[in-house]
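Colleague: I should like to learn how a model of this kind is read, feature by feature. May we go through it together?

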Amino acid sequence: VRVAVMSTKRRMVSEKAATALLAFVSARILDDVPRIFAYPYDADTSSSDEQTVVRSASVISALALASSSYCLGSTQGSGSTGASVGAHALRARLSAAKLLNSLSVRLVVLYDALSNLHSEAMHDGVVDSKSIIHDLLARAFAVACSVLSASASGNTSCAGNQQGVETKDSCYGIVCTIARSAVATCSSGMVFNIGETTRAADTSSSGGKGAVSIKTASLLFGCASFEEEILRPRATAALDAVLAAYCRVYTSDKEHYSQGKTMDVDKPANPWAQPSTSDTMCMSQSSTTNFDALARSLLPLLWSSAKSTQPKASRLAAARWANDLVKPIHRSSACHILCFLAGDTDVTASAVAREGLGLASQRIDQDVTTLVHEVEDGADLPDFQEFVNAVFADTTGTSTISVYRDFSPRAQGAALRFGLNCLLADLYGGEDEAVAAYMNAISSSLSDLDAASSARGTGRGREALDLLDCCCFCLAGVLGTSSYARLAFVRSASVNHQYISSLAITAASSKARRLLAECCGCLYEDKNIWASEGEGMIPTEDSCATRNWAKASGIVDTLSLCASKLKEMRQTLFMAGEVHGAAHLGSRCVRAFRLHAVGAAETAADDDYPQCWTASAGIVSALGHGTLHSDDAIGNACSQGLAVAFSYDQVDAPELDQRLYEGTSKAFEDLVVALKKYGNGDNTDPQRASLLAKAAGSMLAATTSSSGVTISMSDKDDSPSLGNLRLQCVDALFALLGSMSCRKDPEVSLVVGEALVQYADAYSPEGAEWSSPSTAEPDEFDQSFAANLPPHRHVLYVLLNSIVVSTNPHKRTSSAPAMLALVAHAAAMVNKNSIYASRHFVSEMLRSLVDFQTAFVKLLADPKNKQLGRESCCLGLAACHGLASATAFSNNQASRLNERLLNAFGTTTNDGGSAMQETAAQNRERLRQENRDGDAGV
C-alpha cells in the first residue's frame, strides 16, 4: 500500500491537496513506521534481502525527494511574504520540509547500518547500495541548503510567520542529521560542499581526497549572522554538526596516515641501493586530505564571523571552529583568532577562546616561576616567531585581519599572556627579532596606559588596570628569561629602566607596582647589560669591577627616591600607593646593591657607594617600621620588602656589610614587636603573621655573619646588640607555634618552620666552625643554654625539648609542620647533591633523626592533632626515610629506623605509644593470632 501510494502517476494538484498528501506520507508512512527502511539484522539475512530494502528505499525516496524539491523550490525565500506566496503555498513548503526531514532520518539509519556491518568485508553489492543511499542523502542535503541560502545572504526580510520558521527549522534538522552520520566521512565530501560531490579535478588539484570545500560552512556562518533570532540556536547547532564532521575526517585521516607510515613493508637489505621513487610519495600524499588548504580557506571566513559587529552566535561559532579544527592544522593562525576573541564582550565566546589558548586554567596572581614549570610540562603551543609575526606584526593599509593594536584591552592582555607562554616554551628562548617585537608591544601598551591615566584620567578603568597588570607580568617574565630583552630594554630611548622605576611608584595598580619593581630588580642584578653608551659589546667582569656600576645603572637615584618616599610613612598624611611602590622597589634595589657589593671591590671612582649604603640602611629601617603600620597593604608590602631585600641565591648567606648593621638592628626591633602583635591578641592576622615570619627567616639568614657582634649599634647604652635581637626574633618565631594565628590558619606553622630552616642552614661552608657552650646539656630544657647554641643546634634543641613535649596541645600539634619543614629541607638538599650531607644542619639532623621519627609517631597518635598536623607527620616520616637512605647512614641504623616505624604501626597497642588505634576486642584477637598472651604481657 505504501509503495502504491508513493508510486501513483504524477499529476499536478493544488497546493492545498499537496499539503495534505505530503503530511500524510510524512506522518503515516515515515514517522509511524520507524522500521520502514530498517536493515534486516537476522542471522540468515542474505544479500538479496539487503538489496530489496535498498531498492524499496530508493523508489520511495526518489518520489519523495522529487515532490519535496518541487514544493520547496517553487517559491524563492523561505520566509518572504507577498502576493506571490500565499498561505497554502507556505503550508505546502512546511509539509515538504517535514517530509524531507523524516526521510533523511530513515536514510541515515540505513546508511549507518550498511557502513557498520560491512566496514571490514566490502563487496560490490554493498558498495552499490551505499552509493544509492549516498546519492539520495546528497539530494536531500542540497535541497535543505538551497532553502537556507536565502537566510544566509542577509538580503531577504524575515517575515516572522510560523510556517516559514518551522520550514527552516526542518531544514536545519536535515543538515544536522546528515552531518552527524557516517556519510560525512565518505570521500565525496558532499556534506562540506552543500550536497555536491567533489569532482575528480578538484581532488587531483588539491592533492588529496577533497573535503576541503567550505561552501556549507560559509552558508551556515551566514545563517548564524543574518538568521532570525529564534532560529540562531538551530544555525549554531548545524555549525557544530558540520564542525564535528570536519574533525572526524581529520582524525580518521591522521590515523590512516600514521598506520600507513608504520605499515610493515619489504625493505631491501641496503636501503641506499634502491632509492624510493616519487610514485610512492605521490600515492601517500594523494591518500590524505589537504587540510592545510582547508585551514587557509577557513581563516577569512572565521575572521569575518569574529568581528564585534556580528551576532554573538557567529562569534561563538568562530571561536569553536578555530579551537577544534584550525588549531590542530595551523596553530599560529588559530591562536591569533582566539586571542582576538578572548576579549569578546560575550562571556561564552571569551571563555571558549581562553580555554583554547590554555589561559583559563592560569591564575591571575600566578608567579612567573610557577608558569615556567607549567609551560615546560605541557601544552602544544605554536612557534614563538610565527605567533609574533602573526599577532604583533606592524601591518600597513586596510586588512580584514586584526592585529595587536586593533584588539580590545582584554584581547591585548590575552595575546601578551599567550605570547609569554610561547616564549617560555621555546627551546632556544625565541629569536631576537621576535623578542624585540614582543617587547615593543608591551612598551607601547605601558606608555599608552600611563599617558591616558595621567592626561585624561581614562586609563584607570577595570579593563585598563587588567591590561596594565598583564603588561607588567609579561614584562617581568620576558626580562627574567631573556638576556637579549634585558640588554635591549635598558638601551631603549623611551620605555627603559628609568621609566619603569618611576612607574613602579606611581602606577595605579598595586600588582603592577610589585611586578615593575621585580623588573627593575632583574635589570639591576644583571651586571653584564650596563655597557657604556655607544658600545655594542657586552662588558667583561673585569670592566664591571673597575667602573662605577652604581652611576651606570642609576640605582643611586632610585635608592634615594625610595628612601625619601618611605620616610613619608612616618607623617600623618602621605600617599599610600607611592609608599607601597617604594617598599617593593626599594627592597629590590637593596638586594641588587647588596649582592653586587659582595663580589665587587670599591674603588676611588665609586663616589656613589657611600650614598647607596646610607639610602639602603634607611630603606631597611623604614621597612621594619612599616611592618607595624595599621594599613594592611603597607604592612604586607614592608614585610615582603624585608624578605626580598635580605634574600640571596647562593647556598650560603653572603656576608652582611657593617654599614647595614644599624638599619638592620632597627628593623629587627620593629619586626619582633610586629610578630608579637599580629601573632596573638586583638590584632591577630594570620596573613600578616605569615609574611612577617618569611621576613624574619630572610633577615636571620642574611645576618648570620654578624651573629657574633656584641657591640651596640646605637649610642644608647641600654639598646640591644644585633646578636641579641636575632635571638629575640627566633623566640618570637617559636612563640608563633600554637598562637592564635596558627589556630586560625594552621599553615602559619609551616611558614614558621621554613623560616627556622633559613636560620638554621644559612651558613655552612667547608671548614666553618661554630662555637658551643662549654657546659654539658642539662636534663631539663634551659633557655639560657639554648641561646648559646649555634643556629642548627638551637632550632632542634628548642623543638625537641620544648615545643614537642609542651602541655599546650595547640603548641604541641603545631610543631609537626615545622618539623616537616626541617627534615624535608635536609632530605631535599642531600638528594639534590650528596656533598650537602657534610653541612652542619644536615649532620645535626642525622644525629637527631631517631628523635624526629619518634616525635612524628607520637604526634600522629595525638587525638588533638588535626588534618594538617597528621599529613605533616606522614610526610615527615617519609622524609626521614629519604634522608636516611640518601646519606651515608649505616645499614644498621637505617634498618633500626624501619623496624621502629613498623613496630609503631603494627606490633603494639595505642597505649604503648603506637599510631594504630584499635579496640580492646581487636587487640585480644590480634594477640591470639600472634600466639601471645595479653594478660601475661608476653
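Colleague: How many helices and how many strands does the chain have?

Modeller: This is a predicted model, and its chain has 42 helices and 0 strands.

Colleague: What share of the residues is buried?

Modeller: The chain has 938 residues, and 51% of them are buried. A residue counts as buried when its relative accessible area is under 20%. The surface that the chain exposes comes to about 43700 Å², of which carbon and sulfur atoms supply 51%.

Colleague: What share of the contacts joins residues 24 or more positions apart?

Modeller: Taking the contacts in the chain with a separation of 6 or more, 73% are between residues 24 or more positions apart.

Colleague: Let us turn to individual positions. Where is Gly-697 found, and is this residue buried or exposed?

Modeller: Gly-697 belongs to helix 30, which covers residues 686–702. Its relative accessibility is 0%, and therefore Gly-697 counts as buried.

Colleague: Which residues does Gly-697 contact, beyond its neighbours within four places in sequence?

Modeller: With those neighbours set aside, Gly-697 is in contact with Ala-755 and Gln-758. A distance can be added for another residue: Val-751 is 54 residues from Gly-697 in sequence, and their C-alpha atoms are 9.3 Å apart in space.

Colleague: Where does Glu-568 lie, and how far is its C-alpha atom from that of Ala-622?

Modeller: Glu-568 is in the loop that runs between helix 25 (555–567) and helix 26 (576–599). The C-alpha atoms of Glu-568 and Ala-622 are separated by 9.7 Å, while the two residues are 54 residues apart along the chain. With a relative accessible area of 25%, Glu-568 is partly exposed.

Colleague: I have seen salt bridges marked in such models. What is the general idea, and how many does the structure hold?

Modeller: Side chains of opposite charge can pair when their charged atoms come close. The structure holds 21 salt bridges. In one of them, the side chains of Glu-228 and Lys-168 meet with an N to O distance of 3.1 Å. Glu-228 is in the loop between helix 8 (215–226) and helix 9 (232–262), whereas Lys-168 is in helix 6, so the pair ties together parts that are 60 residues apart in sequence. Both Glu-228 and Lys-168 are buried.

Colleague: Which residue does Asp-169 meet in a salt bridge?

Modeller: The side chain of Asp-169 meets that of Arg-234, at 2.8 Å from N to O. This pair links distant parts of the chain, since Asp-169 is in helix 6 and Arg-234 in helix 9, 65 residues apart. Asp-169 is partly exposed, with a relative accessible area of 29%, and Arg-234 is partly exposed at 26% relative accessibility.

Colleague: What is the N to O distance in the salt bridge of Glu-229 and Arg-232, and is each partner buried or exposed?

Modeller: The side chains of Glu-229 and Arg-232 meet at 2.7 Å, N to O. Glu-229 has 56% relative accessibility and therefore counts as exposed, whereas Arg-232, at 16%, counts as buried. Elsewhere, Lys-168, Glu-227 and Glu-228 are joined into one network by salt bridges that share partners.

Colleague: Which residues form the negative surface patch?

Modeller: The patch is formed by Asp-383, Glu-386, Glu-431, Asp-432 and Glu-433. One of these, Glu-431, lies in the loop between helix 17 (409–425) and helix 18 (432–455). Glu-431 is partly exposed, its relative accessible area being 47%. A residue needs over 30% relative accessible area to enter a patch.

Colleague: How is the phi angle of Ile-194 to be read?

Modeller: Most residues other than glycine have a negative phi. Ile-194 has a positive value, near 50°. This residue lies in the loop between helix 6 (162–179) and helix 7 (200–206), and at 25% relative accessibility Ile-194 counts as partly exposed.

Colleague: One last position. Where is Arg-812, and which residues surround it in contact?

Modeller: Arg-812 lies in helix 36, residues 809–813. Its relative accessible area is 18%, so Arg-812 is buried. Apart from neighbours within four places in sequence, its contacts include Ile-803, Val-804, Leu-859, Asp-862 and Lys-864.

Key:
Residues are numbered from 1 along each chain as its sequence is written. This is a predicted model: local features need pLDDT of at least 70, side-chain atom pairs count only at pLDDT 80 or more; totals for chains, interfaces and linings use all residues. Side-chain values use heavy atoms; hydrogens and water are left out. Patches are made of residues with over 30% relative accessible area and no salt bridge: like charges are joined within 9 Å, nonpolar side chains (Val, Leu, Ile, Met, Phe, Trp, Tyr) within 5 Å. Accessible areas come from the Shrake-Rupley method with a 1.4 Å probe; for residues, only the protein chains shown count as cover. A salt bridge is a side-chain nitrogen of Lys or Arg within 4 Å of a carboxyl oxygen of Asp or Glu. Lys and Arg count as positive and Asp and Glu as negative; His and the chain ends are not counted. The place of a charge is taken as NZ of Lys, CZ of Arg, CG of Asp or CD of Glu. Helices (H or I, at least four residues) and strands (E, at least two) are DSSP runs, numbered from the N terminus. Buried means under 20% relative accessible area, exposed over 50%, partly exposed in between (1.4 Å probe, protein chains only). Contact means heavy atoms within 4.5 Å.
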